Amino acid sequence: MEFGFTEEQEKLRKELHDFYANELPEDVSEVPAVSKELQDFWMGLQRKAGKKGYLTPGWSKETGGLGLGHLEVGVANEVEGYWGISWPNGIGLHICGPGLHLFGTEEQKKKFLPEISSGEKVWYECFTEPEAGTDEANQQTRAIKNGDKWVINGQKIYITGGYKPDFLYVEARTADTIPKHRGLTLFCFPADTPGVTVAALPCMGGYRANIFYLDNVTVGDDAIIGQINQGFYHVMATFEFERSNTTGAANAKRDLEELVQFCKETKRNGKPLIKDPEVRKAIAKMAIDIEVLRLAAWRTAWRFGERKRLGPLDFDLTGLFSRINGLTHPVIRMNILGMYGQLKIGSKYAKLRGSIERRWQVTRSYHYAGTMEAIKIVLAARVLGLPRIPAKLNPVIMKALQEKEKA
Amino acid sequence: MNFELSEEQKMLKKSARDFLDNECPERLVRETEASDSSYSPELWKKAAELGWLGLVYPEKYGGSEMSILDMAILYEEMGRALFPSPHLSTVVLCGLTILHAGSEEQKANMLPKIVNGELILALALTEPEASWDGKGWVAEGITMPATSEGDDYCLSGTKLFVHDAHIADQILVAARTKKDKRAEEGITLFLVDAKSPGISYNPLRTTAGDNKQSEVAFNKVMVPKKNIVGKLHDGWAPLDKALKIGAVLLSAQMVGSGEKAMELAIDHAKTRVQFEMPIGIHNWVQEYCIMAFADVQGTRNLVYQAAWMLSQDMPCDLEVAMTKARANEAIVDAHWQAHQVLAGVGFTSQDGVLPLHTKRGKVCQLYLGDTDHHMEMIAQQAEKWPEPEKPEGKPLGIFDTAEDLQVPNWDVWRNQIKTKGKLW
């Protein structure tokens with residue numbers, strides 16, 4: 001066992017740390033990029049980092065990466081997390097890119113991967129639908145073969161992002177099968193393909209999600225990623241990437257450091273906040289939670305490096321810890337700020353740049369890549385081997401299904 | 001970063017599991033609980049033969065020079081099997097203090113005997129006043145005076161919650177030989193013969209239901225100066241180190257215990273049938289199992305990390321405090337979750353191991369620093385953190401006006417993509 005980092009890993013950490021320290025503006029604030037200036041800034045930084053290969057350190061040099069191992073990727077993610085960086089093309093870097101790596105054709109890889117790693121393009125994943133949330137396989141969007149073309153119709157919802165997307169990464173039904181997850185296929189096509197429309201879905205915390213409507217969107221065979229009707233398995237394989245990063249703990253650590261600094265500088269009742277026993281306990285509790293999450297995330301990163309087949313134990317436990325922390329910590333931090341906790345970013349009296357207020361709102365959206373309950377269901381069934389409810393035994397379930405059928 | 005157990009560690013784990021499965025059944029645990037000694041001399045002898053008592057000692061004292069991390073793996077198995085023994089007191093808290101601070105004579109004299117299982121030691125640290133305000137494990141709590149009288153020191157006072165005192169051959173006592181502004185200064189460690197005139201023992205009836213802990217009263221007990229371990233007035237540093245190692249190993253023991261409770265719960269959830277289905281089908285029951293699982297897995301990583309850092313002799317006050325604080329809460333929680341699943345089967349005291357785990361879990365939680373103590377240690381470390389680094393890039397200057405930030409400007413985005421009029 002080994003819990004330290006090699007010299008090369010520390011060198012990489014220093015290099016990335018210094019790069020971002022120089023590039024990020026001193027008034028950087030973790031705000032959703034909803035203004036033109038902020039969008040331009042983050043796209044510019046993404047391109048700069050992309051040129052150096054920092055966006056995709058784990059990809060081969062031919063595809064624009066640095067050819068480093070999974071542990072080094074973990075280090076890079078930690079640095080990004082520490083500086084609170086959220087790339088405009090996060091989805092492309094962490095979901096579509098790995099998906100293309102695993103399942104794309106040579107042509108697709110040659111065409112798309114360099115564009116992603118250089119930070120030029122923005123990808124959106126369009127998986128979730130009104131009827132397909134946790135039940136990912138329940139896709140209603142259809143792709144029907146018409147001659148040598150595919151015609152896609154459907155609606156995608158909760159597609160996070162405020163930047164202009166260049167490409168969409170869409171899951172659609174290509175066959176009516178039982179079980180339903182055997183008939184799904186992945187497509188990727190430019191976001192400005194005729195038939196794509198979008199509606200904004202402003203979310204708590206001020207960031208933006210979208211609804212994408214796909215009306216007779218016509219694409220060729222070259223838009224298919226992986227095999228036809230294998231889309232669900234491809235998605236599951238790429239989701240493992242989404243849940244395995246070390247970013248979250250590093251980001252939380254930075255937040256905690258700032259809170260500690262704030263508590264050292266702020267006086268309440270004539271003494272520094274940090275001398276308050278309740279505050280001390282709260283800080284200690286958060287420090288422990290963050291460390292537990294950090295180690296769970298590193299365990300997953302290490303498992304990737306060992307090229308072991310990842311079990312749900314790895315990524316779902318990390319997911320569980322990150323959700324538990326994400327849901328509880330902002331509340332604790334807000335309580336420490338007292339009345340000031342409610343002040344928004346930009347307010348004259350806001351403490352810690354108002355970041356806690358926003359984070360508190362954002363916690364209500366900690367459901368991407370599976371809700372806490374979905375994670376628990378997977379852990380219960382696949383790790384602990386507990387039984388699942390057979391629908392046909394339960395009259396309430398059967399009635400609900402029948403009524404839905406009628407509607 | 002590497003979370004893999006080495007081949008040696010895997011072997012140690014497996015052999016410990018096999019040995020304890022065979023030699024330390026529930027029956028034996030219950031018998032020793034009821035006995036006056038609260039440990040099994042036969043099992044202690046066998047543990048010595050397996051090399052468990054000299055695991056981390058140098059070869060010249062009969063040890064096998066393994067690391068604290070290896071020992072943590074062993075402790076997990078001991079916790080799982082509720083191994084009743086004075087291992088933590090003898091080998092870790094006292095033995096390692098002697099190894100780190102003792103004279104060559106003391107080491108050559110005592111360590112081989114510890115390794116062979118011929119010598120049992122107990123650490124007398126916590127005092128009646130100290131245990132109230134969380135000072136049971138810090139230097140401020142040690143006030144019992146030791147006064148110099150010729151070639152001897154005279155100890156008078158009371159030590160509480162002394163584990164394994166009644167079966168010990170010698171007791172390692174932390175006493176104050178000098179009053180100083182710094183509480184760490186002026187503490188001296190004495191090896192006291194357990195049968196010395198003036199010592200009396202009074203077993204404490206605790207939640208664990210065994211006779212493991214005692215009140216030890218010292219009434220003018222004379223200790224020769226040669227029995228001082230380490231330097232005069234300078235006993236805190238080596239003791240503190242042993243206490244930290246002890247806290248991590250105790251956490252490892254608790255992880256093993258929590259894991260056993262979790263397995264009991266999962267097993268029960270799968271096999272107990274009510275309303276024609278296994279109870280584990282219900283989400284509420286699943287929730288208990290999952291939280292126990294998360295408690296155990298999350299704590300285990302912390303234990304391994306702290307044990308690894310101790311093995312490397314790295315500074316790790318923060319990690320040690322995090323480990324014990326988390327183990328205190330998480331493992332007791334895992335026991336609680338298991339009780340919810342086992343329900344009626346879980347609380348009978350005549351049979352079933354879960355009550356034993358629960359009761360010992362509570363004792364472990366309070367030993368070597370309760371949650372409050374370690375939370376305070378973490379807060380003290382956090383206070384020392386440097387100011388977080390600020391980025392140095394040119395300011396964007398767009399954060400001045402609140403309006404810019406609070407009103408999302410969707411138009412920026414809307415105009416960039418052609419739409420068919422289905423906008424928000």
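This briefing walks through chain B: its domains, one of its sheets, a helix pair and its contact with chain A. Please keep in mind that the model is predicted. The domain assignment divides chain B into domain 1 (7-120), domain 2 (123-234) and domain 3 (237-383). Chain B also meets chain A, with 66 residues of chain B in contact with 72 residues of chain A.

**Domains 1 and 2 of chain B**

- The C-alpha centres of domain 1 and domain 2 of chain B are 23 Å apart.
- Across this boundary, 16 residues of domain 1 of chain B are in contact with 14 residues of domain 2 of chain B.
- On the side of domain 1 of chain B that touches domain 2 of chain B, helix α5 (residues 87-101) of chain B provides the largest share, six residues.
- That side of domain 1 of chain B is made up of eight nonpolar, six polar and two charged residues.

**A four-stranded sheet in chain B**

- Four strands of chain B form an open sheet with mixed pairing, in the order β1-β4-β5-β8.
- The edges are taken by β1 (121-124) and β8 (228-229) of chain B; each has a single partner strand, so one side of each has no neighbour in the sheet.
- Strand β4 (residues 170-176) of chain B runs antiparallel to strand β5 (residues 187-193) of chain B, and seven bridges join the pair.
- To find this pairing in the structure, look for B:Ile171, which stands opposite B:Val192 in β5(B).

**The helix pair α7(B) and α8(B)**

- The axes of α7(B) and α8(B) come within 9 Å and cross at roughly 155 degrees.
- Angles over 145 degrees count as roughly antiparallel, so α7(B) is roughly antiparallel to α8(B).
- The crossing of α7(B) past α8(B) is left-handed.
- Where α7(B) and α8(B) are in contact, there are 19 nonpolar, three polar and three charged residues.

**Where chain B touches chain A**

- Which helices of chain B each supply at least two residues of the side that touches chain A? They are α7 (236-271), α8 (283-311), α9 (317-342), α11 (371-383), α12 (402-406) and α13 (410-414) of chain B.
- Of these, α8(B) gives the most to the side of chain B that touches chain A, with 14 residues.
- By class, this side of chain B has 38 nonpolar, 13 polar and 15 charged residues.
- Both α7 and α8 of chain B thus appear twice in this briefing: they cross each other, and each supplies at least two residues of the side that touches chain A.

How values were computed. Residues are numbered from 1 along each chain as its sequence is written. Chains are lettered from A and ligands numbered from 1 in the order in which they are written. This is a predicted model: local features need pLDDT of at least 70, side-chain atom pairs count only at pLDDT 80 or more; totals for chains, interfaces and linings use all residues. Two strands pair if DSSP finds at least two bridges between them. Domain bounds come from an automatic or database domain assignment. Two residues are in contact if their C-beta atoms, placed from the backbone, lie within 7 Å. Ala, Val, Leu, Ile, Met, Phe, Trp, Tyr, Cys and Pro count as nonpolar, Asp, Glu, Lys and Arg as charged, and the others, Gly among them, as polar. Axes are lines fitted to C-alpha atoms, for helices over the stretch in contact, and angles run from 0 to 180 degrees between N-to-C directions. Angles under 35 degrees count as roughly parallel, over 145 as roughly antiparallel, 65 to 115 as roughly perpendicular and the rest as oblique. A crossing is left-handed if the near helix is turned anticlockwise from the far one by less than a right angle, and right-handed if clockwise.
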